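I opened this entry to look up how the ligand is held and then to check one strand residue. My notes follow the display.

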Amino acid sequence: MKNDFLEVLVEISEKMNSMFEIHNLLPAIINIAKEYLDVKRISLMLIEDDVLKMYAHAGFDVEYSDVSLRLGEGIAGKVAKTGVEVMVNHTEGTCKEMGYEASSFMSVPLKKSDKVLGVLNLTDKEGDYFNETDVKVARYIASQCALGVERFNIYRDMRKSENLRVVGMLNSSIAHDIKNLLNIVQSYLELMDMEEGLNPEMREYIDAIHSEVKRIHGLTLDLLDFSRQRVTINIETFRISELFTEIAKHANIMTKDTDIVVEVTALDDLTMKVDRGKIFRVIFNLVSNAIDALGCSGKVRLTAEQDSDFCVFRVRDTGKGVPKEHLAKLFQPFFSSGKHKGTGLGLAIVQMIVEAHNGTIEVDSAEGLYTEFTVRIPYNYESFKELHK
Ligand SMILES: Nc1ncnc2c1ncn2[C@@H]1O[C@H](COP(=O)(O)OP(=O)(O)OP(=O)(O)O)[C@@H](O)[C@H]1O
Ligand SMILES: [Mg+2]
């Protein structure tokens, strides 16, 4: 046990100055606090989407990383809800909090102004009970943790708005430049294509470049839509099986040197009247993510089936799955995890396109087992819109 409070202050401020990412900073601070306050267990929980979730802990025998409480639930949940600290010393018997018995328990809110960001829980002071000095120290430590969390959140939001600003710039000039340059490339390709006596292999290459140029063009339009936060829809009529054949062709190229199997089945092959290019991008994005989640081997299954006016697309993979705490963030722009080159725009654009078609997208996943995205899109964009005016 450290008995010099000044030493603790210095140690905590050193950590605050040298660590920025809260997943390093908070465990470091709670370890100092555990030692100074001489408690058996300490945990720090943060509020995320109205749930109090375990962020860092020390001294627990079992794995407590997954513990979460509703606001108002248990002592910690009540502290998170009310912002009022609680100290319980059971001179006789024990109390039960978060599934374990404790003879002394203290729960202090992490506050920024009046807003509660989380809760610091301290359990079982070694051979003693909590006193007023301990409460003051715990308050100080909680305030430092709150400062660290707030500082990190501000930085994250700044980075996000900076990213959005950069994407917004595309709206002005860059996207137009890209479009113009692509038009020139396309014109030259057409000239090459008109050339007589071209060997068939060369013609195949030209076709491939053509289709990729088209795709970059489409992507530029997506980014423009995204930066303006509105989607333009160009209706085309096509069969789902024909769209799937194209997806399968691309998926096979992407998985060429792996043991990944991509299975594509149109269970109900109907005709759709929607923006073909954009629906292609929705499915292609989902299939690409599924392939990324598999690594070198596994299975991706793409199906389409009818549900009254809707076509239901499902993309299921046997990959690493999505951690529970990430599920709510997947569709946020610039959320990317576990990838070297992910920009985190894929699913944000997918959601925009699906909603612009009056559709819905849902995700279901079990970590280490599977992920399944379900997209429901009305077969006929115009008649659906007419009917639901
Ligand atoms: N099928 C999946 N299995 C596991 N995680 C997934 C799956 N699909 C998406 N994710 C997670 O969601 C995150 C966001 O996906 P999103 O497509 O928006 O961005 P990205 O793939 O990282 O980058 P990009 O902008 O290049 O698409 C991914 O980084 C990944 O962590
Ligand atoms: Mg992606």
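I count a polar contact as a pair of N or O atoms within 3.5 Å. The model is predicted, and I read every value below as computed from it.

Entry one, contacts of the ligand. I looked up the side chain of N289 and found one of its N or O atoms 2.8 Å from an oxygen atom of ligand 1. For S337 I noted a polar backbone atom, also at 2.8 Å from an oxygen atom of ligand 1. For L345 I noted a backbone N or O atom at 2.9 Å from a ligand 1 oxygen. I then checked the area: ligand 1 taken alone exposes 600 Å², and the protein buries 90% of that.

Entry two, surroundings. I found 19 residues around ligand 1, with S336, S337, K339, T343 and L347 as the closest. Sorted by class, the shell holds eight nonpolar, nine polar and two charged residues. I traced at least two shell residues to each of α7 (276-294), α9 (346-356) and β15 (370-378). Helix α7 gives the largest share, three residues. I also looked up the pockets: ligand 1 takes up the space of the second largest one.

Entry three, T360. I placed T360 in strand β14, which covers residues 360-366. Is T360 buried or exposed? Its relative accessible area is 38%, and I call it partly exposed because that value lies between the 20% and 50% cut-offs. I also took the C-alpha separation of T360 and I377, which is 6.9 Å for two residues 17 apart along the chain.

Terms used:
Residues are numbered from 1 along each chain as its sequence is written. Chains are lettered from A and ligands numbered from 1 in the order in which they are written. This is a predicted model: local features need pLDDT of at least 70, side-chain atom pairs count only at pLDDT 80 or more; totals for chains, interfaces and linings use all residues. Side-chain values use heavy atoms; hydrogens and water are left out. A residue is near a molecule or strand if one of its heavy atoms lies within 4 Å of it. A polar contact is a pair of N or O atoms within 3.5 Å; within protein, one must be able to donate a hydrogen and the other to accept it, and residues adjacent in sequence count only if both atoms are side-chain atoms. Accessible areas come from the Shrake-Rupley method with a 1.4 Å probe; for residues, only the protein chains shown count as cover. On a 1 Å grid over the protein atoms alone, a cavity is a set of points where a 1.4 Å probe fits but cannot get out, and a pocket is an open set with protein on both sides within 12 Å along at least five of seven lines; lining residues have an atom within 4 Å of a point. A molecule sits in a cavity or pocket if more than half of its atoms lie within 2 Å of its grid points. Helices (H or I, at least four residues) and strands (E, at least two) are DSSP runs, numbered from the N terminus. Ala, Val, Leu, Ile, Met, Phe, Trp, Tyr, Cys and Pro count as nonpolar, Asp, Glu, Lys and Arg as charged, and the others, Gly among them, as polar. Buried means under 20% relative accessible area, exposed over 50%, partly exposed in between (1.4 Å probe, protein chains only).
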